[in-house]
Amino acid sequence: MSETTLTHSGQTAPRPAGLKGIAADWASDQRAFKNVSWGKAMMWIFLLSDTFIFGCFLLSYMTARISTRVPWPNPSEVFALRIGGQEIPLILIAIMTFVLISSSGTMAMAVNFGYRHDRRKTAILMLLTAALGATFVGMQAFEWTKLISEGVRPWGNPWGAAQFGSCFFMITGFHGTHVTIGVIFLIIVARKVWRGDYDVGRPGFFTSRRGRYENVEIMGLYWHFVDLVWVFIFAFFYLW
């Protein structure tokens, strides 16, 4: 028995089979995306594409590490810091992870207060999130400086497999760029929240309809994604 669909004129027409049928169903749906802003939908599409990029980076890293015959450097030794005359493994990475995960919590609270139209608390929490993100980037810059001074380069390092340097700079650098961009946009959106742009519907960049704080939620989506990616980087690159 063939299925039918309702046309704009009110008449029924045969429903296409296969993938064309699925596309026709989504194209005729009046509710799936009716209440979703373009900004939020585009952010989800961007995050999906970025997931593939980070996934390819991590898969390439795992492939390089498994296939190399040269011993891979021990992350506990490479990323150790000397504090009080003792080498403490991964202490800086643990602090960086704590800072970034904490920023995800402040961002979630900012989105919550944005729903309540609490302009002051939303802006303060977004600025606090940006400060935590900037702290993370600063510690990552210190980590890069330390390793470069110890001889780590994209083409080699003094501890073993030459691929270690290229994987480290590529993965952490790409993620650090995302965090830096996020910090910049957090400050921009927080400034607009503080001025009340979303309450009065003031025109300009990164604005929305009057009384809508959806840009705060969009920034939350981006920031939570950046935090989630770091969890995978931390697990695969630093703990493996």
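# Exercises on a predicted helical chain

Helix H6 has 33 residues, and its first and last C-alpha atoms lie 48 Å apart, close to the 48 Å expected at 1.5 Å a residue. The structure is a predicted model, in which local features need pLDDT of at least 70 and side-chain atom pairs count only at pLDDT 80 or more, while totals for chains, interfaces and linings use all residues. Residues are numbered from 1 along each chain as its sequence is written, and side-chain values use heavy atoms, with hydrogens and water left out.

## Exercise 1. Elements and helix spans

Task: State how many helices and strands the chain has, and test the span of H5 against the expected one.

Solution.

Step 1. Helices (H or I, at least four residues) and strands (E, at least two) are DSSP runs, numbered from the N terminus. The chain has eight helices and four strands.

Step 2. Read from the N terminus, the order of the elements is β-β-α-α-α-β-β-α-α-α-α-α.

Step 3. The expected span of a helix is 1.5 Å times one less than its number of residues. Because H5 has 31 residues, it should span 45 Å, and the 45 Å between its end C-alpha atoms agrees.

Step 4. Consider what follows these helices. Gly 151, just after H5, takes a positive phi of about 105°. Gly 196, just after H6, has a positive phi of about 85°.

## Exercise 2. Positive phi outside glycine

Task: Describe the backbone and the surroundings of Leu 90 and His 117.

Solution.

Step 1. Recall the general rule: most residues other than glycine have a negative phi.

Step 2. Leu 90 has a positive phi, near 60°. Leu 90 lies in the loop between strand E4 (86-88) and H4.

Step 3. His 117 also has a positive phi, of about 60°, although it is not a glycine. His 117 is placed in the loop between H4 and H5.

Step 4. Classify the accessibility: buried means under 20% relative accessible area, exposed over 50%, and partly exposed in between (1.4 Å probe, protein chains only). Leu 90 has a relative accessibility of 13%, so Leu 90 is buried. His 117 has a relative accessible area of 42%, so His 117 is partly exposed.

## Exercise 3. Salt bridges

Task: How many salt bridges does the structure hold, and is Lys 146 buried or exposed?

Solution.

Step 1. A salt bridge is a side-chain nitrogen of Lys or Arg within 4 Å of a carboxyl oxygen of Asp or Glu. The structure holds three.

Step 2. Glu 217 and Lys 40 form a salt bridge with an N to O distance of 3.1 Å. Glu 217 lies in helix H8 and Lys 40 in helix H2, so this pair ties together parts that are 177 residues apart in sequence. Both Glu 217 and Lys 40 are buried.

Step 3. Arg 82 and Glu 87 meet in a salt bridge at 3.2 Å, N to O. Arg 82 is exposed because its relative accessibility is 56%. Glu 87, at 44%, is partly exposed.

Step 4. In the salt bridge of Glu 150 with Lys 146, the closest N and O atoms are 3.0 Å apart. Glu 150 is partly exposed at 33% relative accessibility. Lys 146 has a relative accessible area of 17%, so Lys 146 is buried.

## Exercise 4. The nonpolar core

Task: Which helix gives the most to the largest nonpolar core?

Solution.

Step 1. A nonpolar core is a set of buried Ala, Val, Leu, Ile, Met, Phe, Trp, Tyr and Cys residues joined through side-chain atoms within 4.5 Å. The largest one has 58 residues, and Phe 79, Met 107, Met 126, Trp 230, Phe 237 and Tyr 238 have the most contacts inside it.

Step 2. Helices H2 (38-67), H4 (91-115), H5 (119-149), H6 (163-195) and H8 each supply at least two residues of this core. H8 gives the most, with 14 residues.

Step 3. Contact means heavy atoms within 4.5 Å. Leaving aside neighbours within four places in sequence, the contacts of Met 107 include Met 126, Leu 186, Met 219 and Trp 223.

Step 4. Turn to the chain totals. Buried residues make up 40% of its 240 residues. Among contacts between residues at least 6 apart in sequence, 65% join residues at least 24 apart.
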